[in-house]
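Reader: Please take a close look at a single part of this model, the part in which charged side chains pair. I should be grateful if the account then set that part within the whole chain.

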Amino acid sequence: MNMTPPVKPPRGIKPTKETSGLLISVIRALSASETNEQREIEKAKLEKEYKRSDQRLEELVSSHDQDLMEVMQIFSALSEKVTSSREKIHAVKENLNACKQLLRCKREELLNLWLEGIEHKQVLHLLKDVSSDSCGRMISLTEPELLPLSNTSHDTSTDQ
């Protein structure tokens, strides 16, 4: 037997619904039949068509056995790759979330260090102000104009 392979219909065009039409005609014939004998004849026709389509399917499967095996192997390989890729993507997402969490921690740590740096800078500025004021007072206290008069008179008496 010379069998042609099944043809895929073009995209966008829906195939005709021969099976539903056949089913509707069978239902009409069964409902229109008045006797059990007519129903049995319709049932036999239906079973005969079913066996014929089953046989046709078996022939097509056996004639395209090699192609079906190749397709199944390719599908299996692709399915494994997709599964592997999904697992890798899941692992990458988990790693990214872990990195994000670590970066948040580092961000908080840097913010705390920055605030500490500002505090230390303010303290240093205050210490400089305090030390410059106290040095100025010490210098002003040691100037001769501010020394007590007894010390200056004592110095002059020893010089004579």
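Author: For solvent exposure, a residue is called buried under 20% relative accessible area, exposed over 50%, and partly exposed in between, with a 1.4 Å probe and protein chains only. The structure is a predicted model, in which local features need pLDDT of at least 70 and side-chain atom pairs count only at pLDDT 80 or more, whereas totals for chains, interfaces and linings use all residues. Residues are numbered from 1 along each chain as its sequence is written, and side-chain values use heavy atoms, with hydrogens and water left out.

The part chosen is helix α2, which covers residues 36-63. Helices here are DSSP runs (H or I, at least four residues), as strands are (E, at least two), and both are numbered from the N terminus. Two salt bridges are present in the structure, the term denoting a side-chain nitrogen of Lys or Arg within 4 Å of a carboxyl oxygen of Asp or Glu.

One salt bridge joins E42 to K45, with 3.9 Å from N to O. These partners stand three residues apart in helix α2, so about one helical turn separates them. K45 is partly exposed at 48% relative accessibility, and E42 is also partly exposed, at 21%.

The other salt bridge pairs E49 with R52, whose closest N and O atoms are 3.1 Å apart. Here again the residues are three apart in helix α2, and therefore about one helical turn lies between them. The relative accessible area of E49 is 36%, which makes E49 partly exposed.

Helix α2 also holds L46, a partly exposed residue with a relative accessible area of 40%. Although 24 residues separate L46 from L22 in sequence, their C-alpha atoms are 9.7 Å apart in space.

An unreviewed UniProt entry lists residues 27-63 as "coiled-coil region". Such positions follow the numbering used here, feature names are shortened, and annotations may be inferred rather than shown by experiment. In the model this span is 92% helix and 0% strand, and its end C-alpha atoms lie 34 Å apart.

Around this part, the chain contains four helices and zero strands, in the order α-α-α-α along the sequence. Of the 160 residues, 2% are buried. The accessible surface, computed by the Shrake-Rupley method with a 1.4 Å probe and, for residues, with only the protein chains shown as cover, comes to about 15400 Å², and carbon and sulfur atoms account for 61% of this area.

Helix α3 includes W114, which is exposed at 53% relative accessibility. W114 joins L111, L115 and I118 in a nonpolar surface patch of about 380 Å². Patches consist of residues with over 30% relative accessible area and no salt bridge, like charges being joined within 9 Å and nonpolar side chains (Val, Leu, Ile, Met, Phe, Trp, Tyr) within 5 Å.

Confidence is expressed as pLDDT, given by the predictor for each residue from 0 to 100. The chain has a mean of 81, with 75% of its residues at 70 or more. The highest confidence belongs to helix α3 (residues 65-142), with a mean of 90, and the lowest to helix α4 (residues 149-159), with 49. Over residues 156-160 pLDDT stays under 50, and the model shows zero contacts beyond four places in sequence for them, a contact being heavy atoms within 4.5 Å. Where pLDDT is low, predicted coordinates should not be read in detail.
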